[in-house]
Amino acid sequence: MTETVLRTGAEKRRFTLDMRALSPFIALIVLMIAGALVNPDFLTASNLLNVVTRSAFIAIIAVGATFVIASGGLDLSVGSMAALTAGIMILTLNHLGGSDMGTLALGMLAAIGLSAACGLANGLIVTFGRIEPFIVTLGTMGIYRSLVIWLAAGGTITMRNFELRELYRPVYFGSILGVPVPIIAFLLVAAIGALILYRTAFGRHVIALGSNEDVARYSGVPIWRVRTLTYIIQGICVGIAVLVYVPRLGSATPTTGLLWELQAITAVVIGGTALKGGVGRVWGTVVGAVILEIVANIMVLSNFVSEFLVGAVQGAIIIVAMLVQRSVHRGR
Amino acid sequence: MKATAWKIAIAAGLMAGVATGAIAQQKNVTIGVSIPAATHGWTGGAVYHAQETAKELEKAHPGLKVIVKTSPDGASQANALDDLTAQKIDALVVLPFNSDELTNPVREVKKKGVLITVIDRGLKDPTIQDIYVAGDNPGFGRIAGKYFADTLKQGNIVVLRGIPTVLDDERVTNFEKAIEGSGVKIIDKQYANWNRDDAFKVMQDFLSKHPKIDAVWAADDDMALGVLEAIRQAKREDIKFVVGGAGMKEMVKRVMDGDKMIPVNVTYPPALVATAMHVTAASFYTNAPMRGTFVLNAQLITKDNAKDHYFPNSPF
């Protein structure tokens with residue numbers, strides 16, 4: 001008897017969990033239907049591919065943010081970090097001057113190295129300085145942003161070598177078996193992220209740290225190392241996003257990545273990760289990023305929203321989508 | 001006789017002095033220049049031109065000292081004005097961050113008997129300024145609009161707007177007025193924040209939404225670059241040309257090289273800072289009257305005059 005009771009209990013729990021994880025997908029479907037009603041062009045393959053491709057930067061960055069937020073941290077510096085990394089990467093490419101794969105590989109290495117170092121800096125200051133991550137990353141946000149403005153002298157950092165640009169261009173505009181490269185990139189990043197978060201001891205430590213730091217410490221979780229690592233992962237994700245971003249316009253300006261941090265955090269929260277930590281949903285995050293981009297897309301495709309009101313309608317749609325999502329799992 | 005010879009020699013010396021500017025040695029003047037720090041392309045250009053002009057003017061008028069200060073926001077600009085006043089300036093050239101915050105600080109400087117030159121964004125109280133130098137935003141829209149009406153004559157265009165501001169509004173309403181009555185029709189317009197990435201996205205969506213677009217008014221060179229990349233990706237042949245604006249050097253170069261997609265550009269030169277500095281210096285070193293309002297025309301840059309607007313060393 002007791003055995004059956006236990007089993008139904010477990011089954012029930014698993015079922016509710018599934019609904020929670022599914023709800024961002026349900027919000028996505030609702031939005032897709034809304035989009036199709038607004039403008040039939042919405043559902044064309046080219047439009048949908050454009051939108052999903054565009055969401056790649058935020059999606060990749062948000063996968064990293066999922067780790068940071070799930071562990072109870074926050075990183076506001078990702079937008080500035082992306083701009084700085086893009087700037088340094090382009091300057092490196094210009095400095096090397098070649099137009100071959102080797103040059104490109106070195107530039108990419110510089111980008112990933114720098115962004116990982118930026119993440120490490122954030123992590124070390126948060127852990128060893130024992131300062132609120134909000135303050136630390138607000139500070140580094142200003143630092144990284146100013147550095148890129150200084151490097152660009154307020155202007156634009158542009159890839160000078162035309163041949164190299166053409167060589168690199170397919171990383172944003174190309175596709176493999178009909179799927180644009182950025183989409184493949186963010187699916188890969190999400191898959192690896194999900195693997196780390198759900199299937200490794202480190203992933204479980206991240207969640208433990210986010211739910212209750214004291215309990216995690218008493219259970220022997222290496223708090224400092226885990227926390228610093230989440231910021232490094234965030235940094236590497238920013239680096240990967242930059243690798244996909246640079247070939248699009250081949251330049252970095254002081255406005256590159258402006259407000260990306262807010263979009264990344266929004267994507268993470270829409271995806272079902274708790275802002276207070278303790279829960280992390282990588283696939284939900286990716287869907288959250290796509291949802292944000294779809295909402296913007298629907299606004300431009302619609303004929304009845306004045307350009308002055310786009311922001312208001314966009315905000316309302318995001319709130320309604322979240323309400324739909326909540327009512328779905330409250331109903332279960 | 002000897003005295004007359006001396007007088008002649010002195011007079012000759014003075015004449016030569018006028019020619020080389022050596023006469024200015026008798027006149028020590030300090031001009032303070034307060035402008036926003038380089039936070040985007042246009043202000044980057046403004047800072048570049050301010051620094052270049054400071055060097056030029058100091059060379060042309062010995063005894064003249066030009067102090068250039070850049071500030072990242074309105075509050076620090078007010079502090080910068082205090083610092084400049086402390087250095088006993090005779091004239092202030094100021095490009096205010098915004099009208100509201102800086103009207104009073106500039107009035108305080110004025111009370112010390114300093115000549116005030118205001119650039120671009122006016123103050124709340126125009127009686128403070130002695131000299132006012134501004135770009136022409138309505139003209140910026142009008143000239144672009146006229147080009148569309150004259151060149152395209154007939155067709156559907158899309159418009160990308162900047163950041164919702166008075167300035168953006170003046171440009172767009174005058175653009176609309178200029179194409180009124182012609183066969184050119186705006187089928188869509190959307191804000192893209194003077195940002196390359198936003199312009200890229202908006203243009204991608206415009207291209208999905210409208211099967212035929214004849215031309216694009218991007219109203220800004222950063223936005224024009226994003227638009228061009230979106231068009232290239234979509235491999236669309238229907239768009240005849242894209243018009244940006246503000247005279248970014250890369251875009252002026254393309255006009256100069258005769259790029260079919262970028263036939264013209266409209267100026268809104270960051271070098272208007274340089275104009276203001278020259279006018280201010282001239283009011284000390286010449287007898288020509290300088291006080292008043294100077295509005296720099298928005299100019300159409302075409303293949304023929306592009307080289308006059310091309311500054312390869314400027315960051316913008």
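What separates the centres of domain 1 of chain B and domain 2 of chain B, taken over C-alpha atoms? The answer is 33 Å, and the tour below comes back to these two domains after a look at chain A.

**Before you start**

This is a predicted model, in which local features need pLDDT of at least 70 and side-chain atom pairs count only at pLDDT 80 or more, while totals for chains, interfaces and linings use all residues. Residues are numbered from 1 along each chain as its sequence is written, and chains are lettered from A and ligands numbered from 1 in the order in which they are written.

**Stop 1: chain A as a whole**

Select chain A and show it as a cartoon: its secondary structure comes to 15 helices and four strands, where helices (H or I, at least four residues) and strands (E, at least two) are DSSP runs numbered from the N terminus. Its C-alpha atoms fill a box of roughly 75 × 55 × 40 Å along the principal axes. The radius of gyration of chain A is 21 Å, which agrees with the value near 20 Å that a compact globule of 332 residues would have; this radius is taken over C-alpha atoms, and the globule rule is 2.2 Å times the number of residues to the power 0.38.

Of the 332 residues of chain A, 49% count as buried. A residue is called buried if 20 or more other C-beta atoms lie within 10 Å of its own, exposed if 12 or fewer, and partly exposed in between, with C-beta atoms placed from the backbone. Among the contacts in chain A with a separation of 6 or more, 80% are made by residues 24 or more positions apart, a contact being two residues whose C-beta atoms, placed from the backbone, lie within 7 Å.

**Stop 2: a loop of chain A**

Now select Arg130(A), in the loop between helix H5 (101-128) and helix H6 (133-152) of chain A. Its phi is near 50 degrees, a positive value in a residue other than glycine, and Arg130(A) is exposed because 7 other C-beta atoms lie within 10 Å. Glu132(A) has its place in the loop between H5 and H6 of chain A and is exposed, with 12 other C-beta atoms within 10 Å. Add Leu74(A) to the selection: Glu132(A) and Leu74(A) are 58 residues apart in sequence and 8.9 Å apart in space, C-alpha to C-alpha.

**Stop 3: domain 1 of chain B**

Move to chain B, whose domain assignment gives domain 1 (26-135 + 270-285) and domain 2 (137-266); such bounds come from an automatic or database domain assignment. Start with strand S1 (residues 29-36) of chain B, where seven of the eight residues are buried. S1(B) pairs in the parallel sense with strand S2 (residues 64-71) of chain B over eight bridges, and two strands count as paired if DSSP finds at least two bridges between them. Within S2(B), Val66(B) is the bridge partner of Ile31(B).

S1(B) also pairs in the parallel sense with strand S3 (residues 91-94) of chain B, over four bridges, and here Leu92(B) in S3(B) is the bridge partner of Gly32(B). From S3(B), continue to S4(B), which is paired with S3(B) in the parallel sense over four bridges, with Val118(B) of S4(B) as the bridge partner of Val94(B). Strand S4 (residues 115-119) of chain B is mostly covered, as four of its five residues are buried.

**Stop 4: an open sheet in chain B**

Which strands form the open sheet, and in what order? Four strands of chain B follow one another as S7-S6-S8-S9, with parallel pairing. S7 and strand S9 (241-243) of chain B stand at the edges with a single partner strand each, so one side of each is left without a neighbour in the sheet. Strand S6 (residues 154-161) of chain B pairs with S7(B) over eight bridges, and Val158(B) stands opposite Asp188(B) in S7(B).

**Stop 5: a buried loop residue and the contact with chain A**

Select Trp194(B), in the loop between strand S7 (183-191) and helix H7 (196-209) of chain B. Although not a glycine, Trp194(B) has a positive phi of about 55 degrees, and Trp194(B) counts as buried, with 24 C-beta neighbours inside 10 Å.

Finally, show both chains: the contact takes 28 residues from chain B and 24 residues from chain A. On the side of chain B that touches chain A, H7(B) gives the largest share, nine residues.
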